[in-house]
Amino acid sequence: MRLLLVEDEEDLAEAVQIGLRRAGYAVDHATTVATAYERLTVNEYDMLLLDLMLPDGDGFEVCKAIRDGSMPVVGGRDLRVLMLTARGGLPDRVRGLDEGADDYLVKPFALDELLARVRAVLRRETRGSTAVLTHGQLRVDTAKHEVWYGERKIVISPKEFAVLEYLMTRPGHVVSTEDLLEHVWDENIDPFTQTVRVTVGTLRRKLGVEPPMIETVVGKGYRLKEV
């Protein structure tokens, strides 16, 4: 999944980015409302991690503008928003949720809690209430970052995990290379790279299932075969 972190505290932003990337997320970073808007109008994100007190604006207003459509973004009005802020008073928490935030996390916070909240918000729309995705004998535990096929545990890289997780949320649907680049890699990826093909190929081999569970749809992309 691809996330946009809007945070002007550089040390905190760096720590959060490192933690999220180690967990397999693609993360872009903005320090101002203007830069965030620029990113949101160009790239499609699965979630916005939004600080409230920014140098050129207020995170409450950003969230409100996304929800009412006055700030048109590629992800649309339903873009999931997690507010990260030192403003932990009850009125601020209530306002944040009323303005359309999906969740509200007060600084300072533990990385493990942030990751758990990110997982919870991301799965509300597409995966229901469980952190474990299943597809036939294939099980993906998004909390523990474990992959199992039957009783066999499969060790894969964070990026391979992210590709598999994305496909698992869309079983039977063709996912294009562009979609995977958009949601699994960050803005620094070369759009002409062969990294998607290589990553999918390596993932297929590691899954070790014949015939392969991940199908190539020539000229269109990849699909997790229905079972």
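This report walks through the two domains, the interface between them, and a few unusual backbone spots. Keep in mind that the model is predicted.

**Two domains and their contact**

Let's start with the overall layout. The domain assignment splits the chain into domain 1 (2–122) and domain 2 (132–224). Their C-alpha centres sit 26 Å apart, and 13 residues from domain 1 and 13 residues from domain 2 make up the contact.

How much area is buried between domain 1 and domain 2? About 1100 Å², with carbon and sulfur atoms giving 37% of that. On the domain 1 side, Arg-2, Gly-24 and Arg-119 lose the most area to domain 2; together they account for 40% of what that side buries.

As for specific interactions, the rule picks up two salt bridges across the interface of domain 1 and domain 2. It also finds five residue pairs in polar contact across that interface, both partners being at pLDDT 80 or more.

Which elements build the domain 1 face that touches domain 2? Both α1 (10–22) and β2 (26–30) supply at least two residues each, and β2 gives the most, with three residues. By residue type, that side of domain 1 comes out as three nonpolar, two polar and eight charged.

One salt bridge to look up in the model pairs the side chains of Arg-21 and Asp-186, at 3.9 Å from N to O. Arg-21 falls within the numbering of domain 1 (2–122), and Asp-186 within that of domain 2 (132–224).

**Backbone oddities**

Now for the peptide bonds. Two cis bonds leading into prolines are worth a look, and here they are side by side:

| Cis peptide bond | Omega | Where the proline lies |
|---|---|---|
| Lys-107 to Pro-108 | about -10 degrees | loop between β7 (103–106) and α5 (111–126) |
| Glu-210 to Pro-211 | near -10 degrees | loop between α8 (195–207) and β12 (214–217) |

By numbering, Pro-108 belongs to domain 1 (2–122), while Pro-211 belongs to domain 2 (132–224).

The other spot to check is His-145, which has a positive phi of about 55 degrees although it is not a glycine. Where does His-145 lie? You'll find His-145 in the loop between β9 (138–141) and β10 (146–149). Is His-145 buried, partly exposed or exposed? His-145 counts as partly exposed because its relative accessibility is 31%, which falls between the 20% and 50% cut-offs.

Terms used: Residues numbered from 1 in each chain as written. Predicted model: local features only at pLDDT ≥ 70, side-chain atom pairs only at ≥ 80, totals over all residues. Heavy atoms only, no water. Helix = DSSP H or I, 4+ residues; strand = E, 2+ residues; numbered from the N terminus. Buried < 20%, exposed > 50% of the residue type's maximum accessible area, 1.4 Å probe, protein only. Domains from an automatic or database assignment. Contact = heavy atoms within 4.5 Å. Buried area = accessible area lost by both parts, 1.4 Å probe. Salt bridge = Lys/Arg side-chain N within 4 Å of Asp/Glu carboxyl O. Polar contact = N/O pair within 3.5 Å; in protein donor to acceptor, adjacent residues only side chain to side chain. Nonpolar A, V, L, I, M, F, W, Y, C, P; charged D, E, K, R; others polar.
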